[in-house]
Amino acid sequence: MSRTLLVLILCLSALRLGASSGSRSILRVVADNAGDAQDYAVDLNATSFDAVLKDTPATFAVVEFFAHWCPACRNYKPHYEKVARLFNGPNAVHPGKVLMTRVDCALKMNTNLCDKFSVGHYPMLFWGPPSKFVSGGWNPKQEKSEIRNIDNGRTAEKLLNWMNKQMGSSFGLDDQKFENEHVLSNISDPGQIARAVYDVEEATSTAFDIILEHKMIKSETRASLIKFLQLLVVHHPSVRCRKGSAEILVNFDDLSPSDMKQEVASEKGAVKNFQICGKDVPRGYWIFCRGSRNDTRGFSCGLWVLLHSLSVRIEDGESQFAFTTICDFVHNFFVCEECRQHFYELCSSVSTPFNKARDFALWLWRAHNKVNERLLKEEESVGTADPKFPKMTWPPVQLCSSCYRSRSSKPVEWDENEVHKFLTNYYGKMLASMYKTNSENVGVDGVPEELAASTNAVAVPVGAALAIALASCAFGVLACYWRSQQKSRKPRRGSELRLAEGFD
C-alpha cells in the first residue's frame, strides 16, 4: 500500500468520525422501533452524547436518564414525549428552545456516562445549557452547577410547568405550531443574528438538495455553479458548509463532466452522497428566520443572510468576483421568474466594476432595501405580509441609530460609513459568534487551495486562493487522490441547479 493511499485512508477515517460525531439527528423525528408511535426525544449514548449537545442550536437541554427494563420509565415515556413534541423535530411547535434527550443507563456502553451524572434512580432528569453537559457531570454535593436536577417533573404538566419557570415562558401542552408563539422581533434583540448561522446552513443545504432533486446543471450554467461553490468554500460563515462545498468541488468533474455526454443517476450515483453542510441538515425548521406564519420568511430569509454574510467576508480583490458570481447564480438558477428578473435588473444597473469589498457590501444592502420596498407594497395590497415581520427599511433605527443622518427625510439620508460598520459587525462577527463558540477545535476556517481549484472550469481570485491556502492535510491529500482518480474515470453527466423558492 502506498504512503499516499495510507494517509488518505487515515484522513477519510477522521472525516467520517467527525461527520458522525457532528450529526444533527437531534432535530429529526425518530420512528419508534415498534412502529407504534413517533419518538420526539432524541436517544443519546456515550458515543453521541457530547457531539449532539455541543452541536445543538437549542438554548437549553433536558436529559432523561432511564433504564429500558424499568416499568416506571416505560410509564413515564408518554409524559416525556408530550413535552418533547413541542420542542423537537421538524414540526416542533417551539423549535430551537429546548433539546429533549434521553440516555438508557441499562446499556453497558452508557455506564460511565450515567455514573458521571450520579444517576441513582430511574427516571432521573437534568436541565441546563447544552454546552454544560459536554464533558460534564453532576454531583448532588456540588454547590454551584448550571446543570440542575429536575425534581418535580413526574407528569407532562409538571415537567412543562417547571421548564416554563426556568425560561419565563408560558408554553402549553396543547400548543400548535405558530400558536402561543413568542416570536422575537429581530429589531428588539440584535443578538439574535448569532443564531442565524443555523438558518444559513439550512438555506444552503436546502438549495443544494433542490439542485440534486431537479438534476438541473447544464453545460451553460455549470461554470456559474462552480464559481458560487468556490465563494462558499472560502467565505461561508459555517465551517461545515465550507468543508462540504470543498468536497463537492473536488468531485465536480464526476458529478457534472464538462462534456455532459453521460448522465448521472442521482438515486444510485455519488451525487446523493454529498451533504453540503453535513449529516442531517437541513433540519426542517428555522430559528432566526422563523416567521409568525408557516408560509413567511424561512428559506428566502436564510438566503439573504447568506449573501450578506458573503459580502462582508470577502477582500477587496474579490469584490467584482463576488458580485458577478452572486448575480450569475441568481440569474441562472432561480425559477421564481419575477424575483429573478428584478434581481437581474439590479445587477445590470451596475456599470463600473467593484474594486472595494465595502462598495459591494453596500450595493447588496441597497439592493435588498429596494426589494423590500417593492414587496412591502405588493404584500400590503394582497394581504400576504407577515404581521410580526413586515418588510422595512434596513437597518432600522433601533439597531443602528448612527446609520441615519436624518430620520425624517424621505428617502432616508444614510451615513454609509456607519452602515458598512453595522453590516460588517452584524453579518460578520455577530453572525458567527455562536457558531464559533459551539465549534471550538473543529478545525481551521479555510480549506486547501487544491479543493477550490480542483476543477479547471473557473479560477479562484487571488484573495480567495490565499484564504483557501490555510489548508488542513486531510483535505489536501483527499484532493490529490481524487484528482488522480478522476483522470481514469469515465465522465458522467450532472444535474442543473434550480431553486424552487423565490429569492425575495
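A crossing of two helices is called right-handed if the near helix is turned clockwise from the far one by less than a right angle. With that in hand, the helix packing in this predicted model can be walked through at an easy pace, beginning with the overall fold.

The protein contains 18 helices and 9 strands. Of its 504 residues, 52% count as buried. Contacts across the sequence are well represented: among contacts with a separation of 6 or more, 75% join residues 24 or more positions apart.

A convenient place to start is the pair formed by helix H3 (residues 71-87) and helix H6 (residues 156-167), whose crossing is right-handed. Two packed helices are described by the angle between their axes and the distance between the axes. For H3 and H6 the angle is about 40° and the axes lie 8 Å apart, which makes the two helices oblique to each other. On the H3 side, the contact is made by Tyr76, His79, Tyr80, Lys82, Val83, Leu86 and Phe87, and these meet Ala156, Leu159, Leu160, Met163 and Met167 of H6. Sorted by class, this contact comprises 10 nonpolar residues, 1 polar and 1 charged.

The second pair involves helix H8, which covers residues 222-235. H8 has 14 residues and spans 20 Å from its first C-alpha to its last, close to the 20 Å expected at 1.5 Å a residue. Because 13 of its 14 residues are buried, H8 is largely enclosed by the rest of the structure. One of its partners is helix H12 (residues 319-333); the two axes come within 9 Å and cross at roughly 130°. H8 and H12 are therefore oblique to each other, and their crossing is left-handed. From H8, the residues Ser224, Leu225, Lys227, Phe228, Gln230 and Leu231 take part, meeting Phe321, Ala322, Thr324, Thr325, Ile326, Asp328, Phe329, Asn332 and Phe333 of H12. By class, the contact of H8 with H12 has 8 nonpolar, 5 polar and 2 charged residues. The spacing of residues along such helices is worth keeping in mind: an α-helix has 3.6 residues a turn, so residues three or four places apart point the same way.

Finally, a single residue offers a closer view. Thr206 sits in helix H7, which runs over residues 196-214. Its relative accessibility is 19%, and because buried means under 20%, Thr206 counts as buried. Beyond its neighbours within four places in sequence, Thr206 is in contact with Pro282 and Phe299.

Terms used: Residues numbered from 1 in each chain as written. Predicted model: local features only at pLDDT ≥ 70, side-chain atom pairs only at ≥ 80, totals over all residues. Heavy atoms only, no water. Helix = DSSP H or I, 4+ residues; strand = E, 2+ residues; numbered from the N terminus. Expected span 1.5 Å × (residues − 1). Buried < 20%, exposed > 50% of the residue type's maximum accessible area, 1.4 Å probe, protein only. Axes fitted to C-alpha atoms, helices over the stretch in contact; angles between N-to-C directions. Parallel < 35°, antiparallel > 145°, perpendicular 65-115°, else oblique. Contact = heavy atoms within 4.5 Å. Nonpolar A, V, L, I, M, F, W, Y, C, P; charged D, E, K, R; others polar.
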